[in-house]
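Have a look at the chain below, and keep it open while you read. We'll go through its rings, its empty space and a couple of backbone oddities.

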Amino acid sequence: MSSPKEIIHRYAIKPRKKLGQSFLIDQNVIKKISAVAQVTKNDIVVEIGSGIGIITEDLARNAAKLIAVEVDDRLVEVLKDKLLKYNNVEICCCDILKFDFGAIAESGQEKIKVVGNVPYNISSPLLFHLISFRKVIDSFVLMLQKEVVQRLIAAAGCKDYGVPSVILQMFATLEKVMDVPAACFHPVPKVESSVMKGFFMEKPSVELTDENFFIKLVRDAFAQRRKMLINNLKRSKLTEDFPEPLLKELLEMAGIDGRRRSETLSIKEFGELSNILKNKK
């Protein structure tokens with residue numbers, strides 16, 4: 001198997017800054033990511049940003065079906081050439097944020113496993129995209145900017161705990177697998193990376209009356225992190241019609257002191273508060 005550097009040289013590949021391209025070239029890290037994904041012959045795998053196909057080929061050897069999603073048409077040609085011998089690989093040249101995971105889920109097979117090296121500029125919208133398809137996705141192994149992973153796995157009370165932490169942890173269990181130094185990439189990025197693995201739960205941590213309401217509530221609750229929760233709620237369009245005494249009463253029903261900052265609320269508290277507020281509207 002050719003090394004990443006050999007492939008980059010052979011195809012004269014020049015990373016595109018506008019796509020946030022930085023290719024993983026450390027073969028030890030590549031092997032670890034593939035191992036963490038735990039792909040079996042029963043699995044449908046979607047790889048995000050297949051790039052030059054290094055992890056792609058490793059995944060293809062073990063999967064029932066692998067769909068390699070790559071937005072750069074130049075790299076699609078490299079992938080077609082490199083993966084020609086694999087009849088279980090489908091290469092899709094498209095934007096992953098428009099990719100329909102539901103269309104590839106097959107009845108009777110395992111749910112989809114997602115693996116990918118995610119550019120920083122699409123990390124947040126991608127996670128929401130995955131959440132929207134969580135019924136057909138089993139697990140995901142994603143390499144993201146180190147600070148993004150720290151925010152996603154943060155617990156209540158930590159300075160990194162915020163909107164993405166609460167929303168993703170409501171629907172998935174998460175763990176950081178490892179840190180990946182910038183030197184493991186070509187070209188060398190200005191940021192460090194981390195690999196995170198997650199599993200979507202069959203049901204949210206709290207049974208939600210309205211998931212969209214919950215997501216909007218969390219965003220509004222963190223609108224101004226330094227302010228008390230009740231002050232953020234008074235400015236929220238979701239609760240702008242509620243007089244302050246009613247807001248206090250509803251917070252008390254949830255067992256929450258409105259003087260607390262949002263970063264101190266647990267996932268469960270956010271879920272229960274969402275249900276109480278939604279049911280009162």
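## A charge over a ring

Let's start with Arg219, which lies over the face of Phe128, 4.7 Å from the ring centre. To count as sitting over a ring, NZ of Lys or CZ of Arg has to be within 6 Å of the ring centre and within 35 degrees of the ring normal.

A quick note on the basics: this is a predicted model, where local features need pLDDT of at least 70, side-chain atom pairs count only at pLDDT 80 or more, and totals for chains, interfaces and linings use all residues. Residues are numbered from 1 along each chain as its sequence is written, and side-chain values use heavy atoms, with hydrogens and water left out.

## The cavity

Phe128 also turns up in the lining of the largest cavity, together with Ser124, Leu127, Ile131, Leu152, Pro164, Ile167 and Leu168. A cavity here is a set of points on a 1 Å grid over the protein atoms alone where a 1.4 Å probe fits but cannot get out, and lining residues have an atom within 4 Å of a point. The structure holds 1 cavity of 30 Å³ or more, and the largest has about 60 Å³ of space; the volume is what probe spheres set on the points fill, with grid points joined across faces, edges and corners.

Which helix gives the largest share of that lining? It's α5, with 4 residues. Both α5 (123-132) and α7 (163-171) supply at least two; helices are DSSP runs of H or I, at least four residues, and strands are runs of E, at least two, numbered from the N terminus.

## Rings that pair up

There are 6 aromatic pairs (rings of Phe, Tyr and Trp, using its six-membered ring, with centres within 6.5 Å; planes under 30 degrees apart are stacked, over 60 edge-to-face, the rest tilted). Phe99 and Phe101 have ring centres 5.0 Å apart and planes at 80°, so they are edge-to-face. Phe99 is buried at 8% relative accessible area, and Phe101 is buried at 0%; buried means under 20%, exposed over 50%, partly exposed in between, with a 1.4 Å probe and protein chains only.

Tyr161 and Phe222 are edge-to-face too, at 6.3 Å and 70°. Tyr161 is in the loop between α6 (146-153) and α7, and Phe222 in the loop between α8 (211-221) and α9 (229-234), so this pair ties together parts 61 residues apart in sequence.

## Backbone oddities

The peptide bond from His186 to Pro187 is cis, with omega near -10°. Gln38 has a positive phi, near 50°, though it isn't glycine.

Terms used
1 Å grid on protein atoms, 1.4 Å probe; cavity = no way out; pocket = protein on both sides within 12 Å on 5 of 7 lines; lining within 4 Å.
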